[in-house]
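Please open the model in your viewer and keep the selection tool at hand for a short tour.

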Amino acid sequence: MEQNLLVEKLSLQAESFQEGFKLLTQSDSLKGIFKNFGNLLRTNLMITDLHLLHKVSPESDWKVIGSQNFDDADKKYLENNKQQTTYHDGGKYNASVVLPLTDYSYLGILMGSKLYEEGLSDFDKITLQILLQVFSSAYESFLNQKKEKQFIFDLNEKILQLNNLIDTGIDLAKFENQNILFEMALARMVSLTNSSSALIRVAEGNKEVAAQQVTFPPGLPADKILNSNYKIESSFEFRNTLYRFVLSEKESRKGVIEFGELDMMLLEAISRQVRTAIENNFLLKESLEKERIEKEMLLAASIQQKIIPEVLPVIEGYELAGENIPSREVGGDYYDCIDMGNGRYALIIADVAGKGIAAALLVNTLNASLYSYLQFNLPLTEMADRLNKLIYNASPPDKFITFFMAVLDSKSGELDVVNAGHNPILLLRKDGRLDKIDAGGIGLGMLDLGIPYEGQKLVMNPGDKLFLYTDGIPEAMDKDEIEYSDDRMIEFFIKNADKPAAEFISGIVGDVSKHVNGEPQSDDITSMILKRT
Amino acid sequence: MDGEFNLQTEKLENTFLIKTEGYINNTAGEKIAQFFAENPIKNAIFDLEKSKVINSIGISYLLEVIEQINDREGKIIFLNLDPSIEKTFKIMGLFQFSQMADSLDSAMKELA
């Protein structure tokens, strides 16, 4: 009869046990499942004095769960407990339980007085055993759920790491300045590796002092990262600059842990991406700079070409022709024949030391100054002196101009000449004599010592020929670096001087071209011939 | 500033507005978890405007908070997510049990 009553009561409680199992498995934490189990015990067994304890291994100490007024000395009820459940008659506790759990930890239960101060009945004892089994199963299920969640979390984390790594490569390639690049790289590094902080340190050459230092979180002192006991590093060198990457303190829910192999791989992968971004940015800047210089060169070339005469004046009783063939780089050759009025003409040939924009600008300065000075009919030597001062003040120390100028009185054939450091100008007389005109002084802008320029007066008679040229002709080289030479130029001049002026100029250009035989032209080639007919 | 994480909370009608500032990592996660342990609230709006970086430890704390709020049949809404954090949340599955809103107003309407 009593047995039947017991079975009936237990079957009535079956639903409550099922609810209890559900409640336990839905607990949000380990603490939660213990707390919920405590409540189950209290309600099912009407216990008012209940303490739950937990120890993670047989050797570790019992930790009290939730109870505020537990006497540590009572742990002895659990230490001496060899059996799972021990019932005590007349003691402080009605029962003590040590329940081995599936993760090799232990749950300790100390059950004191009941609500109406009764001892545990047989029904209570059976209920307790069932609840212990319910808890065991629920705890195992809870752990499995936790493991499953952790597994899904870990899997998602790996997907995230892979995704982040791909995104980082794309994002880093788009950076505009190095600071932004570093900030982005640091943010991705700490996020991917769960680091607390990170640093990128840039130092030039072997210098200890950092040229640039960026930390994450921003504002964190670099020393705090560098002096950390838990750190990993990666570095690379690019153009004599060392880029050092440091990650500090890998986080876990249990505190700081050691970095793993995967963290090192991720750190190296991102530092490689940073290197690629820096290299690409450098190459892009270099290519843009090259493009900019090429544009400037084209501009300079167009400036230079504008001051080279398209058509030379026609001088009565004379034949005049000239040509300028600029090299690929903008050079500094210049020639002109300026009509000064009253049958007077200024013939100029000049060569700026060096090439490029600076040379082109200097030629421009010379051209503008010449036009200005020629209005005042200054003596040629004084004009050379003034030009020297002007160019000296307007140009850097390594820039100067070799310059030859002759003012021709076309009626009388008188030539007033000055040669400021230019190659000797050749005057071939009708009778075959060759005069080399080199009277003058130093190149314009070379020095400003007040040394006066020396002029020379000559007369061009009918049949005389004046040949002006720049060093681009005699110094033109073939593939064996053999120059065209002064001798070959003079020989060509003597042999071909009787040809029409334009034909002579194209002829000497052709002869130089034949000599270099396709080698790139390294200097401007400029020549002009004046023949008195 | 030395990179310290800050948490600001404000009660708004039937919810809490939680504003974070700084790296959402373990330290930040503990602060967030502590707030929710001390305030078992039903609904929450997280404004992450001033947090641009999060790690997986920080995410694990947020997942726990989301679970707690779901158990209470409440709602959790995120605001002002940096695109990289939004992508992270998608991959880590946070939006299965939480939402994202364009503004505080729309978040409040969602919770009304």
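Angles under 35 degrees count as roughly parallel, over 145 as roughly antiparallel, 65 to 115 as roughly perpendicular and the rest as oblique. This is a predicted model, in which local features need pLDDT of at least 70 and side-chain atom pairs pLDDT 80 or more, while totals for chains, interfaces and linings use all residues. Residues are numbered from 1 along each chain as its sequence is written, and chains are lettered from A in the order in which they are written.

Select residues 30–45 of chain A, which are helix 2, together with residues 122–173, helix 4 (helices are DSSP runs of H or I, at least four residues, numbered from the N terminus); the two pack at about 160°, with axes 11 Å apart. Helix 2 and helix 4 of chain A are therefore roughly antiparallel. Among the residues making this contact (C-beta atoms, placed from the backbone, within 7 Å) are Phe37(A) and Leu41(A) of helix 2 and Leu131(A) and Phe135(A) of helix 4.

Next, select helix 7 (residues 261–307) and helix 8 (residues 356–374) of chain A, whose axes lie 9 Å apart at an angle of about 25°; helix 7 and helix 8 of chain A are therefore roughly parallel. To see where they meet, show Ala300(A) and Ile303(A), included on the helix 7 side, and Ala360(A) and Val363(A), included on the helix 8 side.

Finally, turn to chain B, where 22 residues are in contact with 19 residues of chain A. On this side of chain B, helix 2 (56–71) and helix 3 (83–92) each supply at least two residues, and helix 2 of chain B gives the most, with seven.

Definitions and conventions
Axes are lines fitted to C-alpha atoms, for helices over the stretch in contact, and angles run from 0 to 180 degrees between N-to-C directions. Two residues are in contact if their C-beta atoms, placed from the backbone, lie within 7 Å.
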